[in-house]
Amino acid sequence: MKRRSVLKSAAMLAVAASVGLAAVPGHAQDKKYTVALVPGLTTDAFYITMRKGAQAAADALGVELVFQGAPDFNPVLQVPVLDAVIARKPDAILIAPTDTTQLVEPLRKAHDAGIPVITVDTFIGNGKYQTGSGNADFPLSYIASDNVLGGRMAATALANAIGEGGGKVYVSNVKPGISTTDQREEGFKAEMAENHPNITVLETQFNENDANKAASQLQAVFARNSDLKGVFGANLFSALGAGNGVQQAGQTGNVKVVAFDAPTSIIDNINSGLVDVAIAQHPAEIGYYGVVSAFAHLTGNSIPVAIGTGFTVINKDNVGDENVAKYIYSD
Ligand code: T6T
């Protein structure tokens, strides 16, 4: 056997070991599986990038991927979309639940109908699945960033940007009840309290995922605190809005901005000096491993109950690097 075909066979065996023999090229599958991906909202670069990763895995595995979501990050809008997805009877559902409690019963309907559920990005309940306790442990796996760690990283970045003197900062956040953004705020505050005693964290401002509201809130907080030194935008829209608010208040460079998420608009703001640091998640990996995990389960393999994906910290020093460019979200 030539070296190349030995390598190819080894690679195929590795795939077979991880996702089941049916995935080996040349072994036709009896069934083409359909996996539904329900994002937090459809028009967010984070979920658009997650979809790309999911599609890459679906193409590699011969899975049909259905992407169906609501236009806003809102459980009232997401539940009917989920109901419609369940009615289509996909083989598995990947979902970013928009609320830790309000999506439990709607997702149980999928579980009761025999449709495996994996949550991506966000979780329901306390995010600990398959424990045999609690009412929300039925999803098979949770695939996401470590959001408490991400919040801590944001705090460190903001404290460094502000420098020695410390001062006042606040968190621009979406609304309580979202696992990801709640955990980022928790991590941010814990890191500031433990390691940056010269920084005062003011009351969190909730913007309902509306960047315009986040911008107005920044200006209102600055009007009350002319010594404001920084803001942490805990997701894409919070960060974009907070940055716009800083600019509109004429405080670019004086009020430091750390952004969670890395759409092209935030990258532009790093280049212009408005945003100091972006904590990029790896949504394509979340989507990729979501589909691979669903497929592995459907083909009789066990899957991890949790998969953590990483972060890339982007600032003006590395924003031009090609190794960083691949983590900028797709529009
Ligand atoms: O930050 C992401 C995601 O992780 C979060 O759960 C909701 O907001 C985003 O989609 C960004 O808008």
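Here are a few points to look at as you get to know this structure, which is a predicted model.

1. Start with the overall layout. The protein is divided into domain 1 (3–139 + 282–310) and domain 2 (147–280). Taken over C-alpha atoms, the centres of the two domains are separated by 31 Å. Their contact takes 15 residues from domain 1 and 14 residues from domain 2.

2. Next, have a look inside. Rolling a probe the size of a water molecule over the atoms shows where empty space is left. Here the count comes to one cavity of 30 Å³ or more, and the volume of the largest cavity is about 140 Å³. Where does the largest cavity lie with respect to the domains? Domain 1 and domain 2 both give residues to its lining, so it lies between them.

3. The lining itself is worth a closer view. It is made up of 15 residues, and those that lie nearest the centre of the largest cavity are Tyr47, Phe73, Asp121, Arg184 and Asn235. Two elements, α2 (45–61) and α6 (179–195), give two or more residues to this lining. Of the elements, α6 gives the most, with three residues. By character, the lining residues divide into six nonpolar, five polar and four charged.

4. Now to the aromatic rings. A pair of aromatic rings is described by the distance of the centres and the angle of the planes. The model has nine aromatic pairs. One of them joins phenylalanine 123 and tyrosine 142 in an edge-to-face arrangement, with 5.3 Å centre to centre and 85° between the planes. This pair links distant parts of the chain: phenylalanine 123 sits in the loop between β4 (117–120) and β5 (141–145), tyrosine 142 belongs to strand β5, and the two are 19 residues apart. Are phenylalanine 123 and tyrosine 142 buried or exposed? Both are buried. Elsewhere, Phe188, Phe232, Phe260 and Phe311 form one aromatic cluster.

5. Finally, please check the backbone at two residues. Most residues other than glycine have a negative phi. Glutamate 208, however, has a positive phi near 60°, and asparagine 209 has a positive phi of about 65° although it is not a glycine. Glutamate 208 lies in the loop between β8 (205–206) and α7 (211–224), and asparagine 209 is found in the loop between β8 and α7 too. What sets their exposure apart is the accessible area: glutamate 208 is partly exposed, with a relative accessible area of 47%, whereas asparagine 209 counts as buried at 14% relative accessibility, the cut-off for buried being under 20%.

How values were computed
Residues are numbered from 1 along each chain as its sequence is written. This is a predicted model: local features need pLDDT of at least 70, side-chain atom pairs count only at pLDDT 80 or more; totals for chains, interfaces and linings use all residues. Side-chain values use heavy atoms; hydrogens and water are left out. Rings of Phe, Tyr and Trp (its six-membered ring) pair if their centres lie within 6.5 Å; planes under 30 degrees apart count as stacked, over 60 as edge-to-face and the rest as tilted. Helices (H or I, at least four residues) and strands (E, at least two) are DSSP runs, numbered from the N terminus. Buried means under 20% relative accessible area, exposed over 50%, partly exposed in between (1.4 Å probe, protein chains only). On a 1 Å grid over the protein atoms alone, a cavity is a set of points where a 1.4 Å probe fits but cannot get out, and a pocket is an open set with protein on both sides within 12 Å along at least five of seven lines; lining residues have an atom within 4 Å of a point. Grid points are joined across faces, edges and corners, and a volume is the space filled by probe spheres set on the points. Ala, Val, Leu, Ile, Met, Phe, Trp, Tyr, Cys and Pro count as nonpolar, Asp, Glu, Lys and Arg as charged, and the others, Gly among them, as polar. Domain bounds come from an automatic or database domain assignment. Contact means heavy atoms within 4.5 Å.
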